[in-house]
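This report introduces a structure to a reader who has not met it before. Please look over the sequence and the model before reading on.

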Amino acid sequence: MEIKEEEASEEGQHFLPAPQANDPGDFQFTSIQKSPNEPQLEFILACKDLVAPVRDRKLNTLVQISVIHPAEQGLTRYSSTEIVEGTRDPLFLTGVTFPSEYPIYEETKIKLTVYDVKDKSHDTVRTSVLSEHKDPPPEVGRSFLGYASFKVGELLKSKEQVLALSLRTSDGGKVVGTIEVSVVKMGEIEDGEADHITTDVQGQKCALVCECPAPESVSRKDNLPFLNAVLKNPVCKLYRFPTSDNKWMRIREQMSESILSFHIPKELISLQIKEDLCRNQELKELGELSPHWDNLRKNVLIHCDQMVNMYQDILTELSKETGSSFKSSSNKGEKTLEFVPVNLHLQRMHVHSPHLKDALYDVITVGAPAAHFQGFKNGGLRKLLHRFETERRNTGYQFIYYSPENTAKAKEVLSNINQLQPLIATHADLLLNSASQHSPDSLKNSLKMLSEKTEHFVHAFKDQLVRSALLALYTARPGGVLKKPPSPKDGTEENSSQDPPPPMRRQDSIPHHSDYDEEEWDRVWANVGKSLNCIIAMVDKLIERDADSEGSSGGGQDGEKDPSLVDSIITHPKEDWYEQLYPLILTLKDCMGEVVNRAKQSLTFVLLQELAYSLPQCLMLTLRRDVVFSQALAGLVCGFIIKLHTSLHDPGFLEQLHTVGLLVQYEGLLSTYSDEIGMLEDMAVGISDLKKVAFKIIEAKSNDVLPAITGRREHYVVEVKLPARMFEILPLQIKEGQLLHVCPVLFNVGINEQQTLAERFGDVSLQESINQENFELLKEYYTVFMEKMPPDYISHFQEQNDLKGLLENLHQNIQAKKRKNVEIMWLAATICRKLNGIRFTCCKSAKDRTSMSVTLEQCSILRDEHQLHKDFFIRALDCMRREGCRIENVVKNIKCRKYAFNMLQLMAFPKYYRPPEGTYGKADT
Ligand SMILES: O=P(O)(O)O[C@H]1[C@H](O)[C@@H](O)[C@H](O)[C@H](O)[C@@H]1OP(=O)(O)O
């Protein structure tokens with residue numbers, strides 16, 4: 001096959017992401033031998049004796065790598081190196097990697113084209129991804145020097161897997177230098193010292209960047225299929241930087257989407273629909289109410305039904321998105337996608353450095369969980385919820401005020417009832433089954449289970465809230481009487497304490513005990529216990545009599561049961577067990593039914609109060625909270641699964657997981673100005689709501705390894721499935737299904753020009769109070785960690801980490817009220833990493849500011865933990881920002897290879913958050 005000659009430009013050739021590349025079709029090609037999930041091919045490049053078109057011109061060169069698939073004629077532009085400035089012998093610390101899924105074969109041709117770059121800013125614009133059917137702009141700012149090409153098979157079979165190729169001009173005649181292609185393997189340390197790389201800024205720029213597959217050699221291979229089911233479309237880059245002792249370290253950056261971005265919202269919305277349908281049904285079954293309450297209920301039901309329809313529509317729309325794993329920043333405000341997190345990715349850095357163990361550093365990057373569709377005109381959840389609660393508490397409207405805690409309790413009791421009643425019925429039936437089989441052991445076991453569940457059931461109603469709700473409902477029935485003004489000591493209702501109760505204020509609707517036979521509830525409730533006692537007594541008698549009749553010795557003990565009660569029931573000792581027990585079981589079920597009926601209605605009445613105020617705003621607030629929570633939860637589940645897999649072989653981590661819980665630290669870069677105040681207010685509540693989530697690890701029984709969610713708004717359990725061989729490794733407590741809790745903390749530091757305005761003319765108190773509150777949470781987590789982890793672990797841990805010092809430092813920085821104090825973020829992130837936590841970085845879109853922050857974090861880790869040569873810190877940073885995964889993130893989101901910053905914005909940024917020249921500019925976001 002002929003390679004098209006290089007003209008002045010390669011018009012019509014586009015960079016293609018790996019998965020869209022050529023399909024082998026019907027042709028038979030030779031696959032490259034490789035370990036599963038390892039890169040198929042990685043190589044680096046160097047040129048020698050390049051000839052400048054104009055004498056004495058200092059060359060600034062880059063190599064563009066293109067692929068010619070054996071079945072096709074055209075070139076696919078694949079990647080570029082960085083620009084090496086001022087030399088005719090550029091040692092590109094740049095390479096190329098082909099991910100495991102890329103269709104590359106021994107027959108595939110690679111074309112290397114060397115350019116002389118005159119204007120760097122033009123070069124960045126030129127490499128923008130082009131929309132389909134659109135020609136690339138003319139090649140401005142660079143000129144063609146020469147090209148070479150080779151077949152992949154030739155490289156792999158060459159001596160020492162190195163090829164030295166002549167670079168030729170476009171007519172194929174003149175040789176303008178040579179290019180050397182050397183195969184590299186991530187796990188092998190490169191020969192030779194790095195000290196021949198100049199550290200002079202005028203000299204060579206040092207960085208190696210190439211496409212490469214997921215860096216899994218460091219994690220256990222058997223985790224891969226599982227992680228691959230969750231992570232999608234990895235973009236990988238490889239860099240090589242010198243260490244302070246002039247050795248090479250290799251760094252692989254990986255950025256992957258997750259199908260959890262869509263899977264979790266879908267699971268959650270389904271659950272919320274179920275929960276709301278059930279509540280609506282309970283409202284309908286509330287029975288007869290006086291006209292005031294009945295109208296209120298009708299109104300509530302109309303709105304609640306509309307709300308359920310809206311959730312159903314959203315779910316239907318989301319269900320159409322089969323296989324989706326990414327919501328772009330430009331879709332932030334899309335109504336049907338509002339439960340889906342924005343631009344969620346795993347950003348992973350794999351470091352392979354001399355003398356040190358390989359290390360992985362993970363950060364989940366995601367747009368701040370926020371309700372973009374509803375907007376931020378009136379602020380975000382933190383403010384809206386507070387305002388709503390205050391207004392509700394102080395309103396003169398005719399309904400009963402229950403605090404959010406009591407409303408939550410009502411929901412919990414209702415949920416317990418709904419779970420326990422069918423469970424008890426099942427155990428009662430099992431008892432009857434054992435009775436009909438006349439099996440004493442089975443009867444005893446069934447009784448044990450029935451007793452346990454019934455005791456839980458009885459216990460569930462102990463709360464004072466049930467009593468007060470029964471009383472409230474009583475007075476809301478037609479003919480319910482109010483005689484006395486409410487006494488402040490009575491009930492659970494919360495009055496606005498400052499206001500004296502004038503006649504006909506809302507508290508007047510609160511019923512008083514004198515109107516109501518409170519003992520009636522006690523009797524109904526106690527009947528459940530009594531009927532259980534009858535069953536216990538009967539079972540004892542039956543077993544005892546059975547033993548006697550078989551001549552066995554030792555009489556049964558009646559214990560505390562009332563013998564007269566039992567004797568009165570046993571009139572025909574020869575009758576079978578089933579017949580003896582059946583009426584008692586019926587009585588138990590009836591008594592339980594009565595309790596359930598009353599309690600359910602009364603607690604549903606409490607829920608009616610929650611919904612009654614300020615419709616439909618209150619439902620919109622619930623929607624807002626659900627939306628924000630869904631986005632936060634999707635990120636959390638993604639982070640949890642990745643953390644579990646990377647730390648599965650770390651016993652310390654597993655112990656921490658079930659004894660202390662998992663720390664989840666969010667870095668927020670939002671400003672406390674304009675709309676972003678609302679975003680931060682949403683984000684703070686969304687993250688705090690994650691406390692309601694617990695994880696449970698179960699053994700996967702099929703190929704479906706996607707997590708499932710159970711529960712309701714007050715408490716969700718996420719079931720994470722692990723294949724048997726991985727599940728086996730877990731500590732017993734986790735295998736037995738112990739719930740694993742999370743401790744979410746958020747630290748926010750605004751860094752952009754909006755934050756400058758907030759600091760000069762606005763208000764930064766939101767950020768200050770969030771940071772202070774979350775510091776307290778972090779400190780609490782640390783205290784529990786120190787208390788609960790084994791002493792051996794702690795003493796070793798303390799030796800390694802000065803956590804106390806770091807916490808103090810963080811506290812001082814939070815107190816210091818310094819402007820744009822990014823030290824807070826670095827300290828919080830470091831503490832999180834040391835405490836084995838999950839790291840998140842968020843800004844509005846997780847695209848621009850987030851990219852600056854994660855690349856800075858990566859390079860800081862390389863400097864502090866892996867001895868990155870100090871002269872290469874900025875270069876490494878620029879390199880990652882210019883050629884790394886994060887610029888690909890920008891492209892993915894807005895189809896333009898530019899961070900959306902202008903000069904003015906950047907001047908306001910802290911120094912190390914500014915991207916290199918030519919990588920930013922006006923972009924249509
Ligand atoms: O990823 P972000 O930093 O939230 O992107 C911002 C960017 O920082 C800002 O300079 C620019 O003007 C845009 O507002 C970006 O947000 P988009 O949501 O429009 O991508």
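Which residues does cysteine 832 touch, not counting residues up to four places away in sequence?

## Cysteine 832 and its surroundings

In this predicted model, cysteine 832 touches Leu663, Gln665, Gly837 and Arg839 when residues up to four places away in sequence are not counted. Cysteine 832 belongs to helix α22, which covers residues 823–834. It counts as buried because 23 C-beta neighbours lie inside 10 Å, and the cut-off for a buried residue is 20 or more.

Alanine 476 is separated from cysteine 832 by 356 residues in sequence, and their C-alpha atoms are 52 Å apart in space.

## Overall make-up and confidence

The protein chain has 925 residues, of which 44% are buried. Its secondary structure consists of 26 helices and 19 strands. Among contacts in the protein chain with a separation of 6 or more, 79% are between residues 24 or more positions apart.

The pLDDT of the protein chain averages 84, and 83% of the residues score at least 70. Two stretches may be read with this in mind. Residues 195–219 have a pLDDT under 50 throughout, and the model gives them 103 contacts beyond four places in sequence. For residues 482–513 the pLDDT is likewise below 50, with 53 contacts in the model beyond near neighbours in sequence. Where pLDDT is low, the predicted coordinates should not be read in detail. For the model as a whole, the ipTM is 0.96 and the pTM is 0.82.

## Nonpolar cores

The largest nonpolar core contains 120 residues, and Leu633, Val637 and Ala876 have the most contacts inside it. Helix α13, spanning residues 617–646, gives the most to this core, contributing 14 residues. The contacts of valine 637 include Leu260, Ile264, Pro707 and Val718, leaving aside residues up to four places away in sequence.

A second core of 56 residues is separate from that one; among its members are Ile400, Trp521, Leu532 and Ile536.

## Packing of helices

Helix α9 (residues 464–476) packs with helix α12 (residues 577–612) at an angle of about 80 degrees, and their axes are 8 Å apart. This angle makes α9 roughly perpendicular to α12. On the α9 side, the contact is made by Val466, Ala469, Leu470, Ala472, Leu473 and Ala476. On the α12 side, it is made by Arg598, Ala599, Gln601, Ser602, Leu603, Phe605 and Val606. By class, ten residues of this contact are nonpolar, two are polar and one is charged.

Helix α18 (residues 753–761) has buried residues at Gln754, Gln755, Thr756 and Ala758. The buried residues of α18 pack against α15 (675–688) and α26 (903–908).

## An exposed lysine

Is lysine 377 buried or exposed? Lysine 377 counts as exposed because it has 7 C-beta neighbours inside 10 Å, where the cut-off for exposure is 12 or fewer. Its place is in the loop between β13 (359–365) and α6 (381–394).

Lysine 377 and glycine 639 are 262 residues apart along the chain, with 31 Å between their C-alpha atoms.

Terms used:
Residues numbered from 1 in each chain as written. Predicted model: local features only at pLDDT ≥ 70, side-chain atom pairs only at ≥ 80, totals over all residues. pLDDT = per-residue confidence, 0-100. Contact = placed C-beta atoms within 7 Å. Helix = DSSP H or I, 4+ residues; strand = E, 2+ residues; numbered from the N terminus. Core = buried A, V, L, I, M, F, W, Y, C linked by C-beta atoms within 7 Å. Axes fitted to C-alpha atoms, helices over the stretch in contact; angles between N-to-C directions. Parallel < 35°, antiparallel > 145°, perpendicular 65-115°, else oblique. Nonpolar A, V, L, I, M, F, W, Y, C, P; charged D, E, K, R; others polar.
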